[in-house]
Amino acid sequence: MDDLFEEEEAPEVLLAKSLTRVDELAYDLRVREVMCDQVKAVTPDMTMQDVLNLLRQEHISGAPVVVDDQLLGVISLEDLIRSMTDNDLEAKVSKYMSTQVIAVNGYDAVIEAVKAFTRYKVGRLPVLNRNGKLVGMITKGDITRGVLGALQQGYHKEEIQKYRASHLFEDIISDRTSLILRYRIQPHDFIHGGTASSLIKRTLLRLGANPQIARRCGIAVYEAEMNLIIHATNGGLIRLEIEPHRILIHAIDDGPGIPDIQLAMQPGYSTASEKIREMGFGAGMGLVNMQRCVDKMSLRSSPELGTKLEMKIYLQYEESLKEPSQSSAEETDQK
Ligand SMILES: Nc1ncnc2c1ncn2[C@@H]1O[C@H](COP(=O)(O)OP(=O)(O)OP(=O)(O)O)[C@@H](O)[C@H]1O
Ligand SMILES: [Mg+2]
């Protein structure tokens with residue numbers, strides 16, 4: 001039985017090659033998106049000497065021949081050499097240009113230009129619009145650049161999507177999942193300044209958070225951490241609560257408090273001592289930076305109780321709209 005099968009010739013199956021994103025882009029991108037629209041063109045009544053000058057000046061190997069944007073032909077280095085061998089540089093372009101022009105359309109997929117390059121072994125192709133007017137030129141280099149640019153853009157988008165916040169706790173099922181991180185910050189402990197924030201950033205990345213979010217959170221916590229080190233009498237506590245839909249950050253201390261919060265929030269306002277300023281701190285930009293990095297921020301302070309800074313970063317925009325569902329999230333925050 002086995003033999004029988006072995007002798008049988010394998011049926012002919014055409015296996016599909018796996019396609020890369022680059023292959024796909026050649027179909028997705030349009031010629032007009034990658035072409036060069038600064039065309040150096042000549043007219044048929046210019047001389048071959050003019051062509052020589054143009055090619056030399058622009059470092060190009062050919063140019064389209066147009067009248068009123070209508071493409072009549074192409075003049076190339078090869079045509080120029082012919083005219084030079086004939087000692088005929090004063091001749092008109094129309095004498096040497098080739099009128100058998102292969103062109104592509106701006107609305108064509110880039111793959112059409114790729115095919116034309118392969119088929120006709122040309123270095124550049126004129127690009128026409130719907131009305132047959134010349135709108136650009138395309139080279140293989142333009143295609144490479146266009147594809148690379150699109151890949152880069154796609155990569156950036158993917159980076160954002162890949163690290164969707166839901167990845168944070170994907171396999172944990174519960175009514176409410178959160179991870180709480182706490183860091184004790186010692187007063188004037190400059191040596192460890194920035195440790196909590198960099199550990200937090202690393203944790204977020206390990207959890208699969210979007211790098212952009214991790215970056216924002218890292219900066220916000222850094223500034224809060226430094227404020228505890230610099231301004232709080234006994235240092236304080238950084239507390240982070242990470243949930244699938246948001247990160248809640250608290251920086252808490254027991255004094256001396258901020259007498260005028262509005263003033264403290266002003267860019268450039270700082271009570272940092274000369275010594276602290278000499279260390280490079282005290283530009284009065286910490287609170288402003290935090291505000292830029294988080295979605296919500298509130299600062300409460302009193303000389304008796306100290307300062308409580310609260311910041312929120314939403315991990316999914318849609319979730320943020322749902323967020324203050326009293327029953328689940330906020331009510332139990334501090335418990
Ligand atoms: N936890 C805190 N306790 C007491 N005062 C604070 C606290 N945090 C901030 N402040 C006050 O708010 C001011 C502004 O803070 P901000 O972080 O914006 O600037 P800075 O810390 O002075 O300088 P930078 O952050 O640019 O190094 C501080 O100079 C300080 O007076
Ligand atoms: Mg500060």
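These legends accompany close-up views of a predicted model.

**View 1. The protein chain as a whole.**
The protein chain holds 14 helices and ten strands. It has 335 residues, and 26% of them count as buried. Contacts often bridge distant parts of the sequence: of those between residues at least 6 apart, 63% join residues at least 24 apart.

**View 2. The five-stranded sheet.**
Five strands make an open sheet in the order 6-7-8-10-9, and the pairing is antiparallel. Strand 6 (179-185) and strand 9 are the edge strands, each pairing on one side only. On average, neighbouring strands of this sheet are turned by 10° against each other, direction ignored. Helix 9 packs on the sheet and touches strand 6 and strand 7. The direction of helix 9 makes about 165° with that of strand 6.

**View 3. Strand 8 between its two partners.**
Strand 8 spans residues 246-253. With strand 7 it pairs in the antiparallel sense over seven bridges. Here Glu241 has Leu248 of strand 8 as its bridge partner. With strand 10, strand 8 also pairs in the antiparallel sense, again over seven bridges. On that side His250 is matched with Glu310 of strand 10.

**View 4. The hairpin of strand 9 and strand 10.**
Strand 9 (residues 296-302) runs antiparallel to strand 10, and seven bridges join them. The two strands form a hairpin with three residues between them. Leu299 stands opposite Leu309 of strand 10.

**View 5. Two faces of strand 10.**
Strand 10 covers residues 306-314, and its side chains alternate. Thr307, Leu309, Met311 and Ile313 point to one face and are buried. Gly306, Lys308, Glu310, Lys312 and Tyr314 point to the other face and are not buried. In a regular strand, side chains alternate between the two faces of the sheet.

**View 6. The largest nonpolar core.**
The largest nonpolar core has 31 residues. Those with the most contacts inside it are Cys217, Ala220, Val221, Ala224, Ile247 and Ile249. Two or more residues come from each of helix 9 (195-206), helix 10, strand 7 (236-242), strand 8, helix 13 and strand 10. Helix 10 gives the largest share of this core, ten residues. Apart from this core lies another, of 16 residues, among them Leu134, Met137, Ile138 and Ile143. In soluble globular proteins, nonpolar side chains tend to be buried together.

**View 7. The surroundings of Ile247.**
Ile247 is among the residues with the most contacts inside the largest nonpolar core. Leaving aside neighbours within four places in sequence, Ile247 is in contact with Cys217, Leu240, Ile242, Ile313 and Leu315. One of these, Ile313, is a buried residue of strand 10.

**View 8. The shell around ligand 1.**
Ligand 1 is surrounded by 23 residues. The closest are Ala264, Ser270, Thr271, Gly286 and Leu287. By class, the shell has 13 nonpolar, eight polar and two charged residues. Helix 10 (211-231) and helix 13 (286-293) each supply at least two residues of the shell. Helix 10 gives the most, with five residues. Helix 10 also provides the largest share of the largest nonpolar core.

Technical notes. Residues are numbered from 1 along each chain as its sequence is written. Chains are lettered from A and ligands numbered from 1 in the order in which they are written. This is a predicted model: local features need pLDDT of at least 70, side-chain atom pairs count only at pLDDT 80 or more; totals for chains, interfaces and linings use all residues. Helices (H or I, at least four residues) and strands (E, at least two) are DSSP runs, numbered from the N terminus. A residue is buried if 20 or more other C-beta atoms lie within 10 Å of its own, exposed if 12 or fewer, and partly exposed in between; C-beta atoms are placed from the backbone. Two residues are in contact if their C-beta atoms, placed from the backbone, lie within 7 Å. A residue is near a molecule or strand if its C-beta atom, placed from the backbone, lies within 6 Å of it. Ala, Val, Leu, Ile, Met, Phe, Trp, Tyr, Cys and Pro count as nonpolar, Asp, Glu, Lys and Arg as charged, and the others, Gly among them, as polar. Two strands pair if DSSP finds at least two bridges between them. A nonpolar core is a set of buried Ala, Val, Leu, Ile, Met, Phe, Trp, Tyr and Cys residues joined through C-beta atoms within 7 Å. Axes are lines fitted to C-alpha atoms, for helices over the stretch in contact, and angles run from 0 to 180 degrees between N-to-C directions.
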